[in-house]
Amino acid sequence: MKWCGLLLSSLVLAGCYSSATASLHPGDASQLVQEITRRDATVTATVSGDPGCGDSTLTDNALHLTVTVPGDAQPRDVYIFTFRSTRFDDSATTIDACQAAWAQAHPGVKVSRLDIAPYRAFGADWSPTLSATISAALTEASNLGT
């Protein structure tokens, strides 16, 4: 009976601290890249500080990856931005403008976007597999920090 109580307590605590909501301490860039590659994607280039647009205020938040996934050997750009929880809501307008500038510089592409606190990401011509991979990696990485 004692073990049942311990098991129940563990399950309750696990439910309270699940990865359903973003923590205040997301994973760093290396943990984020690790989550992407753990899902069978290949990251062929990583550039910190490249927001994909001319907004220098995003440099500290930006990570530009070049990624391929099974079934789509074409390298795809993935621009990822990390924001503190207190700035996440306010960051949407800034990322909207950056994404629009990037799309204007790359006419004819379909831009994909993910907003998973504390991350915002965009890129062109993402396959459903790439979109699912990035979504899962951002969700997992949102709780990896200390």
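This report describes helix H4 and a set of salt bridges in a predicted model.

## Basis of the values

In this predicted model, local features need pLDDT of at least 70 and side-chain atom pairs count only at pLDDT 80 or more, while totals for chains, interfaces and linings use all residues. Residues are numbered from 1 along each chain as its sequence is written, and side-chain values use heavy atoms, with hydrogens and water left out.

## Helix H4

Helix H4 (helices being DSSP runs of H or I with at least four residues, and strands runs of E with at least two, numbered from the N terminus) covers residues 128-141, and its end C-alpha atoms lie 20 Å apart, in agreement with the 20 Å expected for 14 residues (1.5 Å times one less than the number of residues). Its buried residues (under 20% relative accessible area with a 1.4 Å probe, protein chains only; exposed is over 50%, partly exposed in between) are Leu130, Thr133, Ile134, Ala137, Leu138 and Ala141. Seen down the axis, these residues fall within an arc of 125°, so they line one face of H4 (the arc being that of the directions from the helix axis to the C-beta atoms).

The buried residues of H4 pack against helix H2 and strands E2, E3, E4 and E5 (contact meaning heavy atoms within 4.5 Å).

## Salt bridges

The structure holds six salt bridges (a side-chain nitrogen of Lys or Arg within 4 Å of a carboxyl oxygen of Asp or Glu). One of them joins Arg76 and Asp72 at 3.1 Å; Arg76 is buried at 17%, and Asp72 is buried at 12%.

Asp96, Arg113, Asp115 and Arg120 are linked in a network, in which Asp115 meets Arg120 at 2.9 Å, with Asp115 partly exposed at 40% and Arg120 buried at 5%.
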